[in-house]
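Student: Could we go through this one together? I'd like to know what stands behind each label.

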Amino acid sequence: DGKAGELHYRGYSIHDLAEHSTFEETCYLLLKGELPTRAELDAFESELKAARTLPAPIYDLIRMIKGAHPMDALRTAVSALAAFDPDAANNSPEATLRKGIRLAAEVPMIVAGHHHIRNGRPPVAPDPTLGHAANFLSMLKGERPSADAAKLFDKDMVLHAEHGSNASSFAARVVAGTQANLHAAVTAAVAALSGPAHGGAAEDVMRMAQEIGEPGKAAAYVRTKRANREAVTGFGHRVYRTEDPRARHMRDGVKRLSQAMGEPKWYRILEAVVEAMKPYARHGVNVNVDFYSGVIYHLSGIPKDLFVPIFAVGRVPGWTVQVLEQMENNILIRPLLHYTGPGLRPYVPIDRR
């Protein structure tokens with residue numbers, strides 16, 4: 001609800017889920033419609049952990065394209081995974097759900113694996129004792145994360161798990177509408193997410209914070225941007241006319257992490273930008289979730305070109321449930337266009353032109 005500034009997953013407030021749920025529980029809710037019992041959650045977590053494996057040819061492929069941008073490597077690897085999935089050609093709801101769960105486990109392995117391979121290191125094996133977010137951090141950083149770091153990334157994934165008909169989800173539904181399989185739809189979603197107008201805000205905010213440099217320069221930076229009619233990264237949203245309801249949870253995370261890491265200036269810079277942007281809030285230009293996410297990733301020692309792939313790691317269940325819903329009552333998505341070119345003209349043979 002953009003006007004009210006609310007986000008619900010299947011009737012549950014994002015605030016309750018961010019504070020009390022886990023990514024695995026939220027993933028189960030999105031995919032199956034209800035919060036799980038303890039036994040159901042245990043079984044689901046076991047299913048996710050069992051899927052933490054990539055075929056050897058996928059690693060060979062990643063090595064071949066190790067110099068590619070992480071989003072390009074992810075898109076290529078997701079597409080290639082269809083060749084190794086036993087349910088690839090089966091578009092039944094049951095098979096699509098199984099594929100979605102496998103992809104939720106495989107995508108973080110691709111992102112982490114490519115990161116190590118491009119830096120001349122072998123991929124880090126998954127840790128079966130860790131939950132989804134903690135295991136991703138472990139594979140990415142090569143060390144067991146702190147409980148606080150794991151909890152913050154888990155919350156980040158909960159907040160990014162699903163968000164309506166955004167560009168990548170719509171792309172997935174268009175592909176599913178042709179009766180293509182889930183791997184094709186998720187490949188299209190990853191491709192759409194790679195565009196800076198969709199997934200690039202978190203990376204741009206960190207770049208902006210570094211450009212500002214210190215809190216006292218934030219107001220002048222905003223004035224210059226607005227005077228030049230340029231957007232301030234991390235503000236405004238296609239849906240929300242109020243503050244993005246997910247932002248407050250990432251704001252608290254940045255505050256705690258920046259203090260814990262001994263780099264409080266990043267939080268102070270962001271808050272100074274928020275203060276300078278307050279006059280524009282009445283026009284519906286408010287802070288969004290990506291305003292804080294990028295700084296969290298930076299403080300965690302993650303390179304900027306991995307910010308968007310991390311978004312993808314959390315969004316797989318959202319893409320999967322969008323595809324499942326599309327397939328339930330499928331129709332080919334084929335918009336009509338309004339033609340604005342020349343009217344009907346006679347054909348002139350080439351020797352008379």
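Tutor: Sure, starting with area: accessible areas come from the Shrake-Rupley method with a 1.4 Å probe, and for residues only the protein chains shown count as cover. On that basis the protein exposes about 16800 Å², and carbon and sulfur atoms supply 53% of it. Before we go on, this is a predicted model, where local features need pLDDT of at least 70, side-chain atom pairs count only at pLDDT 80 or more, and totals for chains, interfaces and linings use all residues. Residues are numbered from 1 along each chain as its sequence is written, and side-chain values use heavy atoms, with hydrogens and water left out.

Student: What makes the radius of gyration agree with a compact globule?

Tutor: The rule is 2.2 Å times the number of residues to the power 0.38, with the radius taken over C-alpha atoms. For 353 residues that puts a compact globule near 20 Å, and the protein has 22 Å, so the two agree. The C-alpha trace spans about 65 × 65 × 45 Å along its principal axes.

Student: How many helices and strands are there?

Tutor: The protein has 17 helices and 2 strands, taken as DSSP runs numbered from the N terminus (helices are H or I with at least four residues, strands E with at least two).

Student: Why is Ser293 called buried or exposed?

Tutor: Buried means under 20% relative accessible area, exposed over 50%, and partly exposed in between (1.4 Å probe, protein chains only). Ser293 has 0% relative accessibility, so it counts as buried. Ser293 sits in helix H16 (residues 290-299). Leaving out residues up to four places away in sequence, Ser293 touches Asp156, His160, Ala202 and Met250, where contact means heavy atoms within 4.5 Å. Across the protein, buried residues make up 51% of the 353.

Student: And which class does Gln179 fall into?

Tutor: Gln179 has a relative accessible area of 63%, so it is exposed. You'll find Gln179 in the loop between helix H9 (167-177) and helix H10 (182-193). Gln179 also has a positive phi of about 75 degrees, although it is not a glycine.

Student: What about Arg10, then: which class does its area give?

Tutor: Arg10 comes out at 45%, so it is partly exposed. Arg10 lies in the loop between strand E1 (8-9) and strand E2 (12-13), and it has a positive phi of about 50 degrees without being a glycine.

Student: Why is Asn90 put in the class it is in?

Tutor: Its relative accessibility is 32%, so Asn90 counts as partly exposed. Asn90 belongs to the loop between helix H5 (70-81) and helix H6 (93-118). Not counting residues up to four places away in sequence, Asn90 touches Ala95, Thr96, Arg98 and Lys99.

Student: What makes a set of residues a nonpolar core?

Tutor: The members are buried Ala, Val, Leu, Ile, Met, Phe, Trp, Tyr and Cys residues joined through side-chain atoms within 4.5 Å. The largest one here has 100 residues, and Leu74, Val273, Phe291 and Tyr292 touch the most other members. Helix H17 (residues 307-328) gives the most to this core, with 12 residues. Setting aside neighbours within four places in sequence, Val273 has contacts that include Met208, Ile212 and Phe291. In soluble globular proteins, nonpolar side chains tend to be buried together.
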